[in-house]
Amino acid sequence: MCWNVAGLRACLKRGSLDWIKDGRYDMICLQETKALESEEVEARLIGTSVSDCIAAVDSVRSEEGRVAGIIQTLSLDHPTSDKLTLDILNKAQDSGVRYAHELVKYITNEEWEVRPRVFFLTRGTMPAERGGAIPHLASAPITGLLRVANNEHPEFLWAQIDLATRENC
């Protein structure tokens, strides 16, 4: 899905982007995240593989567009810790930390006129209180990977946004 948005700030004020919060999308790429009222912003929803993401980024760049940000939401679908088996955990890593690692390698090996900001949305991986439970343990390795990415590649912005568990919403 491609969506041209005129006036990103106006959309945010009207709640027009609330669909991002519902977690139904695997990846949301925003071509421009800092926009004036008169500028157009294009959000591209892409598939679930790293190659889908790379193809979308390359497509924007080949059109002489600017990739301002990438928002990865695959971890929002990870099972809760009480439902994990080794097989389920291994599969979750494919859309979690392994995906993130491949994306970090791709982004850091490219030449960028303006570097994209990369955000990983997770759910329930960072307890609010010291010693608190981690209900979505399968997504937690992303936290460590992003710490390493921020230390080794500080010229980029690598961020994790940890949402509350569905029970707390």
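**Stop 1: helix 2 against helix 4**

Select helix 2 and helix 4 in this predicted model. Helix 2 passes helix 4 in a right-handed crossing. Their axes lie 10 Å apart, and the packing angle is about 30°. Angles under 35 degrees count as roughly parallel, so helix 2 is roughly parallel to helix 4.

Now show side chains at the contact. From helix 2, pick Val50, Cys53, Ile54, Val57, Asp58 and Arg61. From helix 4, pick Tyr99, Glu102, Leu103 and Tyr106. These residues make the contact between the two helices.

**Stop 2: the whole chain**

Zoom out and colour by secondary structure. How many helices and strands does the chain have? There are 5 helices and 6 strands. Along the sequence they follow the pattern β-α-β-β-α-β-α-α-β-α-β.

The chain has 169 residues, and 41% of them count as buried. Look at the contacts with a separation of 6 or more: 68% of them come from residues 24 or more positions apart.

**Stop 3: helix 4 and helix 5**

Keep helix 4 (97-109) selected and add helix 5 (141-152). Two packed helices are described by the angle between their axes and the distance between the axes. Here the axes come within 9 Å and cross at roughly 20°. Helix 4 and helix 5 are therefore roughly parallel to each other. Helix 4 passes helix 5 in a right-handed crossing.

Which residues of helix 4 meet helix 5? They are Val97, Ala100, His101 and Val104. On the helix 5 side, select Pro141, Ile142, Leu145 and Ala149.

**Stop 4: helix 3 and helix 4**

Swap helix 5 for helix 3, residues 86-95. The axes of helix 3 and helix 4 come within 3 Å and cross at roughly 25°. This pair, too, is therefore roughly parallel. Helix 3 brings Asn90, Gln93, Asp94 and Ser95 to the contact. Helix 4 brings Val97, Arg98 and Tyr99.

**Stop 5: the nonpolar core**

Next, select Leu103, Ile107 and Trp158. These have the most contacts inside the largest nonpolar core, a set of 25 residues. Helix 2 (50-62), helix 4, strand 5 and helix 5 each supply at least two residues of this core. Which element gives the largest share? Helix 4 does, with 7 residues.

Centre the view on Leu103. Beyond its neighbours within four places in sequence, Leu103 is in contact with Val50, Cys53, Ile70, Val118 and Phe120. Val50 and Cys53 were also part of the helix 2 contact at the opening stop.

**Stop 6: strand 4**

Go to strand 4, residues 69-72. Gly69 and Ile71 point one way, while Ile70 and Gln72 point the other way. Are these four residues of strand 4 buried or exposed? All are buried.

Add strand 5, residues 117-123. The two strands pair in the parallel sense over 4 bridges. Find Gly69: it stands opposite Arg117 in strand 5. Then find Ile71, which stands opposite Phe119.

**Stop 7: strand 5 and strand 6**

Stay on strand 5. Of its 7 residues, 5 are buried, so strand 5 is mostly covered. Now add strand 6, residues 157-163. Strand 5 and strand 6 run parallel, joined by 7 bridges. Select Leu121 in strand 5 to see one pairing: its bridge partner in strand 6 is Ile161.

**Stop 8: His78**

Move to the loop between strand 4 and helix 3, and select His78. Is His78 buried or exposed? His78 has a relative accessible area of 6%. Buried means under 20%, so His78 is buried.

Show what surrounds this residue. Not counting residues up to four places away in sequence, His78 touches Ala92, Ser95, Gly96, His136, Ala138 and Ser139. Draw a line from His78 to Ser95: the C-alpha atoms are separated by 8.6 Å, and the residues are 17 apart along the chain.

**Stop 9: Leu137**

Finish in the loop between strand 5 and helix 5, at Leu137. Leu137 is partly exposed, with a relative accessible area of 46%. Outside the residues up to four places away in sequence, Leu137 touches Ser81 and Leu84. Check the pair Leu137 and Leu84: they are 53 residues apart along the chain, with C-alpha atoms separated by 8.8 Å.

Technical notes: Residues are numbered from 1 along each chain as its sequence is written. This is a predicted model: local features need pLDDT of at least 70, side-chain atom pairs count only at pLDDT 80 or more; totals for chains, interfaces and linings use all residues. Side-chain values use heavy atoms; hydrogens and water are left out. Buried means under 20% relative accessible area, exposed over 50%, partly exposed in between (1.4 Å probe, protein chains only). Two strands pair if DSSP finds at least two bridges between them. A nonpolar core is a set of buried Ala, Val, Leu, Ile, Met, Phe, Trp, Tyr and Cys residues joined through side-chain atoms within 4.5 Å. Contact means heavy atoms within 4.5 Å. Axes are lines fitted to C-alpha atoms, for helices over the stretch in contact, and angles run from 0 to 180 degrees between N-to-C directions. Angles under 35 degrees count as roughly parallel, over 145 as roughly antiparallel, 65 to 115 as roughly perpendicular and the rest as oblique. A crossing is left-handed if the near helix is turned anticlockwise from the far one by less than a right angle, and right-handed if clockwise.
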